[in-house]
Every structure is written in structure tokens, then in C-alpha cells.
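Hi,

Here's the structure I said I'd pass on. Have a look at it first, then read my notes below.

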Amino acid sequence: FPSHDTFHIPAFTLPEYVKLYKRMRKWITETKNPKWRYTREMLRDYVLILANSGMRVGEANNLKESDVIEFKDGIGRKNYMFNVKGKTGKRTVIPRTNAVRYAERVMKRNAAWKSKWESEQVKTSRVEGSVRTKGYKEAHIKGDWFFRMPDGKQVITLIDQFKVLLKSCELEKNRYGEQYTLYSMRHFYAVQMLNKSTAYRYWET
């Protein structure tokens, strides 16, 4: 007999996706705190890139700017390829061309915050110069992460911020009571690619 306890990560429907990205636009403007605004802007681009590329969450978190390569497709359109590394090893992800502006927003924001990241002193409870912290500051400053937290460090997880966003637009679960997660964006992409002939006109954000 089939198990009734198997957990399936649900995919957003197209109307839910539209509701989500519209809410993200407004959500960004609802804070005056520069770091909170930065996180919300970064989360928006993170979500939109996942939804338009099928990239895994772990792959996005490990992505570096040097892994993002500009190219032109067969009909001359500008795009970026993402050379990712995740649980299945290395692979190249080619997003939809409308993801170009999301990727460029990330790189523009990173460039704007770079001087701040480089000037901030790394905070640690350990003694500076000890064996445990040797090279830590240099690694922090030279970090090439594509998606970064406000302090410049690598993203470990954005699930808490994503849950706050979903709650604010009443999209925490689907109609079957299944919890949405960041992986739902990858599933959304897969579903839309299977039904792309009717889905594309809803994707512009």
C-alpha cells in the first residue's frame, strides 16, 4: 500500500507566484533599516533566480561571482550561465533570459556594498592572530560569494526570512496544508517548463 505520510515539497501555482513577487516589491519598501532592506532585496533576487533557473538552494548558496558567466544564446540574446556545485556535483545552469536583470541587480548591489564589507572589522570572540583565526579575515574580505549576507559572509540559509515573507502574504501552505519552502521555487520552475506554452506570459516581473 502507498504511504500516506510521504512529504512532498509543493510547487507554487502561477497566481501564487505572481502574488509573491508583487508582495516582495512592497515588502522591500517597508523598512528604513539599510541592512534589512539589503536582505530583502537580496532575497527577492535569490527567489526570482531560483524560480527562473531551477537551481537548487545549496547550489545558490555556494555560488560565487566568478561562477557567473555572461554569454549570448543562439539568437543573440544576452544571458548568464551559472556554474554550480551541489549535492549532485558540478553542473551548468542556464536560466531563462529574463533572469539577466536579476543577476545584474545582484552584482550591482555587491559592488555597492564591497567597500563596506572590506572596511568592516571581522568580529570574533577568539584572539586575533590565533591558529583558529589565522587567515579568517583575508578569506572573509576576498569572499567571492554571489549571494551574501549584509556582513559580506556566505549565505547559509534564508528560510527564516522567506517564512516571514510568506506569512506576510498568506502563502505559507498550499490548499492541501503542505508547507512551502525555498525548494518550492525549483519545483515551480520544473512545472512551468513542462507547461511553458501557457506559462511564459505570467513570468515577467
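First, a bit of vocabulary: helices (H or I, at least four residues) and strands (E, at least two) are DSSP runs, numbered from the N terminus. With that in hand, the protein reads α-α-α-β-β-β-α-α-α-α-α along the sequence, which gives eight helices and three strands.

Some housekeeping. This is a predicted model, where local features need pLDDT of at least 70, side-chain atom pairs count only at pLDDT 80 or more, and totals for chains, interfaces and linings use all residues. Residues are numbered from 1 along each chain as its sequence is written, and side-chain values use heavy atoms, with hydrogens and water left out.

Now the inside. Of the 205 residues, 41% are buried (under 20% relative accessible area with a 1.4 Å probe, protein chains only; exposed is over 50%, partly exposed in between). The largest nonpolar core (buried Ala, Val, Leu, Ile, Met, Phe, Trp, Tyr and Cys joined through side-chain atoms within 4.5 Å) has 47 residues, and Phe 82 is one of those touching the most other members. Helices H1 (14-28) and H2 (34-51) and strand S2 (78-86) are among the elements that each supply at least two core residues. H2 gives the largest share, nine residues.

Which residues does Phe 82 contact, leaving aside neighbours within four places in sequence? Among them are Ile 49, Val 93 and Phe 146 (contact means heavy atoms within 4.5 Å).

Glu 41 also sits in H2. Not counting residues up to four places away in sequence, Glu 41 touches Ile 28 and Arg 109.

Cheers
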